[in-house]
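Me: I'm new to reading protein models. Could you walk me through one, feature by feature?

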Amino acid sequence: MLTTNVTVGNKPFKPLITEAELQTRVRAMGRQITTDYSDRNPVLIGVLKGAAIFLSDLIREVKVPCSMTFMRIKSYSGTQSTGKISKELEFTEDIEGRHVIIVEDIVDTGNTARFLFEELKKHRPATIALATLLFKPMALLYPFKPDYTAFEIGNDFVVGYGLDYDEHGRNLKDIYVMESVS
């Protein structure tokens with residue numbers, strides 16, 4: 001059950017997705033990845049910081065041998081995508097010939113996903129797929145669709161379950177959407 005509205009930083013947010021709904025979709029995604037990768041040993045690459053909680057829950061639902069690593073990418077300032085991407089932490093695992101699944105918290109413009117695919121291709125993986133917690137198809141700037149999506153949402157700003165507003169709100173168990181203020 002969702003709690004009441006919350007304030008994160010100085011912004012009001014209202015409930016959008018419950019913890020129970022999140023866990024149901026994460027289990028379903030884990031089952032699908034298990035089926036799709038039944039004969040492979042994928043490496044899941046979590047994009048820090050936002051995807052850390054999602055990846056932790058997702059990897060426990062994947063029932064095939066797999067490993068995980070992390071990259072840190074920055075593309076947001078406040079509530080807006082900057083359009084500029086900076087790589088702040090490079091993964092250290094060798095992915096040549098591996099089946100890679102990028103695990104993102106949210107895909108909106110597609111800039112980060114496009115950047116990640118280009119960066120990872122340099123390491124010659126066998127395949128690259130993308131799993132995202134949230135997908136904002138109305139915000140896309142490129143013809144692109146994630147391979148695994150937990151929820152499609154509108155083009156609103158959200159926090160909780162790893163997603164933040166200026167580093168706050170990641171610890172919320174549910175996902176909240178910013179309320180419009182008149």
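Me: Let's start with one residue: is Glu167 buried, partly exposed or exposed?

Reply: The general idea is relative accessible area: buried means under 20%, exposed over 50%, and partly exposed in between, using a 1.4 Å probe and protein chains only. At 42% relative accessibility, Glu167 counts as partly exposed. Before we go on, note that this is a predicted model, where local features need pLDDT of at least 70, side-chain atom pairs count only at pLDDT 80 or more, and totals for chains, interfaces and linings use all residues. Residues are numbered from 1 along each chain as its sequence is written, and side-chain values use heavy atoms, with hydrogens and water left out.

Me: Okay, what percentage of the chain's residues is buried?

Reply: Buried residues account for 46% of the 182 residues in the chain. As for the outside, the chain exposes about 9200 Å², and carbon and sulfur atoms supply 49% of that. Those areas come from the Shrake-Rupley method with a 1.4 Å probe; for residues, only the protein chains shown count as cover.

Me: How many helices and strands does the chain have?

Reply: Helices (H or I, at least four residues) and strands (E, at least two) are DSSP runs, numbered from the N terminus. Here you get three helices and ten strands. Reading from the N terminus, the order is β-β-α-β-α-β-β-β-α-β-β-β-β.

Me: And what share of the contacts joins residues at least 24 apart?

Reply: A contact means heavy atoms within 4.5 Å. Take the contacts between residues at least 6 apart in sequence: 66% of them join residues at least 24 apart.

Me: Now salt bridges. How many does the count come to?

Reply: The general idea first: side chains of opposite charge can pair when their charged atoms come close. The rule used here asks for a side-chain nitrogen of Lys or Arg within 4 Å of a carboxyl oxygen of Asp or Glu. By this rule, the count comes to nine salt bridges.

Me: Which residue does Glu167 form a salt bridge with?

Reply: Its partner is Lys49, and the closest N and O atoms of the pair are 3.2 Å apart. This pair links distant parts of the chain, 118 residues apart: Glu167 sits in the loop between β9 (158–159) and β10 (175–178), and Lys49 in the loop between β3 (43–48) and α2 (52–59). Lys49 is partly exposed too, at 33% relative accessibility. Both belong to a salt-bridge network that links Lys49, Asp164, Glu167 and Arg170.

Me: Where are Glu118 and Lys121, another pair that forms a salt bridge?

Reply: They are in helix α3 (residues 111–121), and because they are three residues apart there, about one helical turn separates them. Their closest N and O atoms are 3.6 Å apart. Glu118 is partly exposed at 46%, and Lys121 is partly exposed at 48%.

Me: Last topic, the backbone. Is the peptide bond from Leu48 to Lys49 cis or trans?

Reply: That bond is cis, with omega near 5 degrees.

Me: Which sign does phi have in Tyr161?

Reply: Phi of Tyr161 is positive, about 50 degrees, although Tyr161 is not a glycine. Tyr161 lies in the loop between β9 and β10 and is buried, at 4% relative accessibility. Glu167 has a positive phi as well, near 75 degrees, and is a residue other than glycine.
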